[in-house]
Amino acid sequence: MIEILLKTAPFFALIGLGYGAARVRLFPPEAAGTLTSFVFYFALSAMLFRFSANLSLSEIFDGPLGLAYLAGTTAVYALAMAAAFARGMDTATAAIEAQTAAIGNTGFLGVPMLAVLLGSQAVGPIILILTIDLIVFSSALTILVTVSRGGQSGWRAFTGVLGGLIRNPMIVSISLGLAVSALRLPIPGVANEFLTILGNAATPGALFAIGVSLASKSAERLEIAAWLSFAKLVLHPGFVALTAFLVFPVDPYKAVVAVSAAALPVAGNVFILAQQYKTAPQRVSAAILLSHVAAVVTLPAVIALAAGS
């Protein structure tokens, strides 16, 4: 536990550095969007493309692992929606809360951190998990909110989701990388070096950007935010551990990767979606802030428990 805590400390220290820089106005809030765009569209995309292009399809696509993560995440998603409905929330609000409880910061935090903590062989499972989050659950949120408000038919909502996925740089970079891998196309040395240099900027850039964005997050609706943070940091990895270790025949190492990914704090893009749909942005903002603070302790603890160390 202590060893893992020490390994995660530099990552969270980078988040803290970004937070501190924003709080003392050395890094203005309006610059956070520019940094995030650089990481999202360029650095992280280069990293994901290079990882995908250098992995075989069998190293990424694992049926039992995908089913275990999908089942565990769906269970948390459904539980969070049920809890919201029990409090009298509408479908759009329940879907936003479910997304908060079930979707972690896999792209910006999970890819760089877990690859260091668990080894480079964790990259394949992480890419699969990220793909499930982006395709299945982000799509489910969009369809639930859109259809519940009567703005579009189910088919039009689906086509809108499909268009959004096609334009998502993470999906595009992973897809292109897998195509290169499947076709066994060689990446020229100069191009590989370029992708490596650009991709290396993803880790410090993403973590610093997370810190800057946290500085603008409010701590309102703390009771609900605390419940959602608990669901994300404790219940989500718990359900995924149940499905990965006991229900589906998942390789033990990959099961540890899945549980560790499930223990990541709330993804920042959930707040963007909450703002876009004008649905509960304050409680999502607070959950993002609380979950990142609590994850300093909970994430190493979950990884240690899952790994049996």
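Which residue just after α4 takes a positive phi? Good morning, colleagues. The structure before us is a predicted model, and the residue in question is Gly 88, with a phi of about 85°.

Let us turn to the helix that precedes this glycine. Helix α4 covers residues 63–86. At 1.5 Å a residue, its 24 residues should span 34 Å, and the C-alpha atoms at its ends are indeed 34 Å apart, so expectation and model agree. At the N-terminal end, α4 is capped by Asp 62: one of its side-chain oxygens lies 2.9 Å from the backbone nitrogen of Leu 65.

Leu 65 is also one of the buried residues of this helix. Others include Tyr 69, Val 76, Tyr 77 and Met 81, together with small residues, among them Gly 66, Gly 72 and Ala 80. What do the buried residues of α4 pack against? Their partners are α5 (91–102), α7 (123–148), α12 (222–247) and α13 (252–262).

I now come to the aromatic rings. A search of the whole structure finds four aromatic pairs, and I shall present two. Phe 27 and Phe 208 meet edge-to-face, at 5.2 Å centre to centre and with 75° between the planes. Phe 27 lies in the loop between α1 and α2, whereas Phe 208 belongs to helix α11, so this pair ties together parts that are 181 residues apart in sequence. Phe 208 is buried because its relative accessible area is 18%, and the limit is under 20%.

Phe 40 and Tyr 41 form another edge-to-face pair, with 5.1 Å between centres and 80° between planes. Tyr 41 is partly exposed, at a relative accessible area of 48%. Thank you for your attention.

Technical notes:
Residues are numbered from 1 along each chain as its sequence is written. This is a predicted model: local features need pLDDT of at least 70, side-chain atom pairs count only at pLDDT 80 or more; totals for chains, interfaces and linings use all residues. Side-chain values use heavy atoms; hydrogens and water are left out. Rings of Phe, Tyr and Trp (its six-membered ring) pair if their centres lie within 6.5 Å; planes under 30 degrees apart count as stacked, over 60 as edge-to-face and the rest as tilted. Helices (H or I, at least four residues) and strands (E, at least two) are DSSP runs, numbered from the N terminus. Buried means under 20% relative accessible area, exposed over 50%, partly exposed in between (1.4 Å probe, protein chains only). The expected span of a helix is 1.5 Å times one less than its number of residues. Contact means heavy atoms within 4.5 Å. A polar contact is a pair of N or O atoms within 3.5 Å; within protein, one must be able to donate a hydrogen and the other to accept it, and residues adjacent in sequence count only if both atoms are side-chain atoms.
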